[in-house]
Amino acid sequence: MKEATPAPDELLLRLRRFHSNYFPLHQQRFQDLVAQGQHPKTLFIGCSDSRLVPYLLTGAGPGELFIVRNVGALVPPYDGSHGLHGTMAAIEYAVLNLHVERVIVCGHSHCGAIRAAYEGVPEEARALQAWLKLAQEALLPVQSSPEALLRTEQRSVVLQLERLMDYPMVRREVEAGRLTLHGWHYVIEDGEIHVFDAQQAGFVPASTASNSGTGPYQPYVEYDGQAFTVPEEDLP
């Protein structure tokens, strides 16, 4: 009896294609990144959802994005009330060691994490239960619905931006004008990023926006070349 031909190992084929097709075209870039080190200007905090692909959305190449992804694109509080987490370490490293110039928090439509925050998860998913508590403040006092989920996804992005400002190294760099915060909501079915604009107090499609998003804080205003902090009561 003739033995069945094993199915091709798709992952192995992809690894080989990278080495034989993509790498030779960009070999010098990779070698420079080794010799000179990485100097990304952007920390991208995104959801782990497979439909969200940071390099496609931003058009970035190797060495341009420092990426941390987790379920829901959530940022743990700096006070450690939810325990230590790799996302905290990534934020600290990006700001203190890599000196990134911007931080993007990118949520998306049809987010399973936000839905699970409303509807619950299996009892044996203990870590996931604890993790989703980080989204609790963004939830609305309503039943889960498409509209509620969309609004909550966007509310969650803003919540993470606010949490970022509790990180002392983030606040210090933002107030010094060396770091900007950007909140994005990716609508998968439209291929459109909606950016959070604090002045408009809402999300604006990138196709019509005047900037790539501003966080909930505008800590400094240029006046005769001088930067000064705006009192919190004056912030929008």
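**A mixed sheet and two cysteines**

Cys 47 is buried, with a relative accessible area of 5%. The model discussed here is predicted.

Colleague: How many disulfides does the count come to?
Modeller: A disulfide requires two cysteine sulfur atoms within 2.5 Å. The sulfur of Cys 47 has its closest cysteine sulfur in Cys 111, at 4.3 Å, which is too far for a bond. For Cys 111, the closest cysteine sulfur is likewise that of Cys 47, at 4.3 Å. The count of disulfides is therefore 0.

Colleague: Is Cys 111 buried or exposed?
Modeller: A residue counts as buried when its relative accessible area is under 20%. Cys 111 has a relative accessibility of 6%, so Cys 111 is classed as buried.

Colleague: In what order do the 6 strands of the open sheet lie?
Modeller: The pairing within this sheet is mixed. Its edge strands, each pairing on one side only, are β2 (65-70) and β6 (202-205). From one strand to the next, the twist averages 25°. The order is β2-β1-β3-β4-β5-β6.

Colleague: Which residue in β2 is the bridge partner of Phe 44?
Modeller: Strand β1 covers residues 42-47 and runs parallel to β2. The two strands are joined by 6 bridges. Within β2, the partner of Phe 44 is Ile 67.

Colleague: At about what angle to β2 does helix α3 run?
Modeller: Helix α3 comprises residues 86-96 and lies across β1 and β2. Of these strands, β2 is an edge strand of the sheet. Relative to β2, helix α3 runs at about 165°.

Conventions. Residues are numbered from 1 along each chain as its sequence is written. This is a predicted model: local features need pLDDT of at least 70, side-chain atom pairs count only at pLDDT 80 or more; totals for chains, interfaces and linings use all residues. Side-chain values use heavy atoms; hydrogens and water are left out. Two strands pair if DSSP finds at least two bridges between them. Helices (H or I, at least four residues) and strands (E, at least two) are DSSP runs, numbered from the N terminus. Axes are lines fitted to C-alpha atoms, for helices over the stretch in contact, and angles run from 0 to 180 degrees between N-to-C directions. Contact means heavy atoms within 4.5 Å. Buried means under 20% relative accessible area, exposed over 50%, partly exposed in between (1.4 Å probe, protein chains only).
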